[in-house]
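The following exercises concern salt bridges, helix environments and a single side chain. Each task is followed by a worked solution.

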Amino acid sequence: MAAEDSRARAARKDDHLRLAPGSRPTGAHSEFDDLAFVHHALAGIDTAAIDLSTRVDGMRWSAPLYINGMTGGTTRTAAINRELAIAARETGIAMGTGSASIAVDDPSTSTGFRIVRDENPDGLVFANLGIGRGGDDVRRAVDLLEADALQIHINPVQEIAMPEGARDLSSWHASLEEMIAASPVPVIIKEVGFGLSRETLMRLRDLGVRIADVSGRGGTDFLRIENDRHADGGLSFLTGFGQSAPASLLDAPAGFPALLASGGVRNPFDVVKALALGARAVGVAGVFLDAAVEGGADALIVMIQRWLDQIRSIMALLGADSPAALVSTDLLVRGDLGEFCALRGIDAASFSTRSRATDSPD
């Protein structure tokens with residue numbers, strides 16, 4: 001790729017970083033708020049008995065929490081990736097980077113990605129590429145980070161809204177097949193904040209995909225970011241497009257090998273709710289990014305450790321000794337999320353009595 005193109009992409013990455021905080025909802029209702037646990041006062045267990053580890057398609061993760069892919073490729077974003085990587089190393093959680101396409105095309109920008117592995121040599125690290133790349137690009141991105149898995153992000157809404165984005169999305173299915181086949185490590189398919197529907201997850205399963213991050217709306221809004229980069233406001237009338245992470249988890253087909261969740265995760269209670277809807281682990285981007293930018297790795301380490309402690313406390317209250325056990329807790333699905341279930345033919349009421357299936361007979 002020409003140097004001018006690399007500079008333009010680097011500028012766009014810095015634009016995204018600059019505009020991201022203003023794109024997130026503030027004080028708005030979240031569909032995570034439409035979920036409520038039924039309180040069983042004698043269900044509690046000892047926090048010391050809780051094992052936070054989770055298994056994702058054969059991989060053991062020390063906790064059901066990860067730093068989702070955000071950035072890389074410029075001097076500023078390299079500094080941020082360093083802080084994120086140190087925090088991941090010190091807390092033992094997994095971490096992804098932003099799209100490494102710029103580094104694949106222009107190796108001079110690779111430092112901003114490689115720093116993640118340099119700072120976290122033994123940690124669980126994900127490389128990231130956008131759909132539409134070839135098999136050689138996949139191998140280069142994985143090699144760059146010595147990655148344990150590869151996130152392939154699919155972002156049709158962002159591409160359509162982006163001034164310089166793709167306009168022909170018809171080849172994406174074939175591209176995804178090629179990228180999956182070329183990857184020497186497990187592949188995680190993820191959206192970028194608009195959700196994955198049941199139909200999309202079924203198509204991914206047919207392609208052999210075993211891990212998918214539903215990445216729903218409610219967090220960093222790439223539609224708004226790209227609209228803000230348009231002089232005329234772009235496609236601002238599409239605001240609210242897509243599904244939330246809770247809606248995507250409820251809509252997911254039974255038996256999908258491993259679901260991850262991200263998008264609009266604000267606190268440890270949202271994490272536990274996503275796990276109770278079947279996610280194996282939950283990714284956080286914006287909240288962790290803000291902590292790293294404002295207070296560096298030290299501040300983010302404190303935050304992550306506090307989140308892990310609070311997740312454990314909530315699980316003890318609910319009587320769940322592992323993340324997987326949360327799928328037997330009783331959940332009420334209300335409001336907009338309940339309406340989504342009704343319209344999509346999902347039996348929301350069945351979630352409210354799940355614990356009865358595991359009760360011992362008198």
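**Exercise 1. A salt bridge and its network**

Arg-89 and Glu-90 form a salt bridge in which the closest N and O atoms are 2.8 Å apart. The model is a predicted one.

Task: Determine whether Arg-89 is buried or exposed, or in between, and do likewise for Glu-90. Then state which residues are linked with them in a network of salt bridges.

Solution.
1. The relative accessible area of Arg-89 is 35%, so this residue is partly exposed.
2. For Glu-90 the value is 44%, and this residue is likewise partly exposed.
3. The network of salt bridges links Arg-82, Glu-83, Arg-89, Glu-90 and Glu-119.
4. By the criterion of a Lys or Arg side-chain nitrogen within 4 Å of an Asp or Glu carboxyl oxygen, the count comes to 19 salt bridges.

**Exercise 2. Two salt bridges and their place in the sequence**

Task: Describe where the partners lie in the salt bridge of Asp-118 with Arg-114 and in that of Glu-199 with Arg-344.

Solution.
1. The closest N and O atoms of Asp-118 and Arg-114 are 2.9 Å apart.
2. Both residues belong to helix α4 (residues 111-119), and because they are four residues apart, about one helical turn separates them.
3. Asp-118 is partly exposed at 48% relative accessibility, and Arg-114 is partly exposed at 24%.
4. In the salt bridge between Glu-199 and Arg-344, the closest N and O atoms are 2.7 Å apart.
5. Glu-199 is in helix α8 (residues 198-206) and Arg-344 is in helix α13 (residues 335-344); the pair therefore ties together parts that are 145 residues apart in sequence.
6. Glu-199 is partly exposed at 42% relative accessibility, and Arg-344 is partly exposed with a relative accessible area of 35%.

**Exercise 3. The surroundings of two helices**

Task: Establish how many residues of helix α11 are buried, and where the buried residues of α13 lie around its axis.

Solution.
1. In helix α11 (residues 268-276), eight of the nine residues are buried, so the helix is largely enclosed by the rest of the structure.
2. The buried residues are Pro-268, Asp-270, Val-271, Val-272, Lys-273, Ala-274, Leu-275 and Ala-276.
3. Asn-267 caps the N-terminal end of α11, with a side-chain oxygen 3.0 Å from the backbone nitrogen of Phe-269.
4. Gly-278, just after α11, has a positive phi of about 110°.
5. In α13, the buried residues are Leu-337, Gly-338, Phe-340 and Cys-341.
6. Because these residues cover an arc of only 155° around the axis, they are on the same side of α13.
7. The buried residues of α13 pack against β1 (35-37), α10 (245-251) and β12 (331-333).
8. The face turned away from the buried side carries the exposed residues Ala-342 and Leu-343.
9. Gly-345 follows α13 and has a positive phi, near 75°.

**Exercise 4. The side chain of Gln-151**

Task: Classify Gln-151 as buried or exposed, and identify the side chains with which its side chain makes polar contacts.

Solution.
1. Gln-151 lies in strand β7 (residues 149-153).
2. Its relative accessible area is 0%, so Gln-151 is buried.
3. The side chain of Gln-151 makes a polar contact with that of Asn-68 at 3.1 Å and another with that of Asn-128 at 3.3 Å.
4. Apart from neighbours within four places in sequence, the residues in contact with Gln-151 include Tyr-66, Gly-96, Phe-126, Ile-188 and Lys-190.

Note on methods: Residues are numbered from 1 along each chain as its sequence is written. This is a predicted model: local features need pLDDT of at least 70, side-chain atom pairs count only at pLDDT 80 or more; totals for chains, interfaces and linings use all residues. Side-chain values use heavy atoms; hydrogens and water are left out. Buried means under 20% relative accessible area, exposed over 50%, partly exposed in between (1.4 Å probe, protein chains only). Helices (H or I, at least four residues) and strands (E, at least two) are DSSP runs, numbered from the N terminus. A polar contact is a pair of N or O atoms within 3.5 Å; within protein, one must be able to donate a hydrogen and the other to accept it, and residues adjacent in sequence count only if both atoms are side-chain atoms. The arc is that of the directions from the helix axis to the C-beta atoms. Contact means heavy atoms within 4.5 Å.
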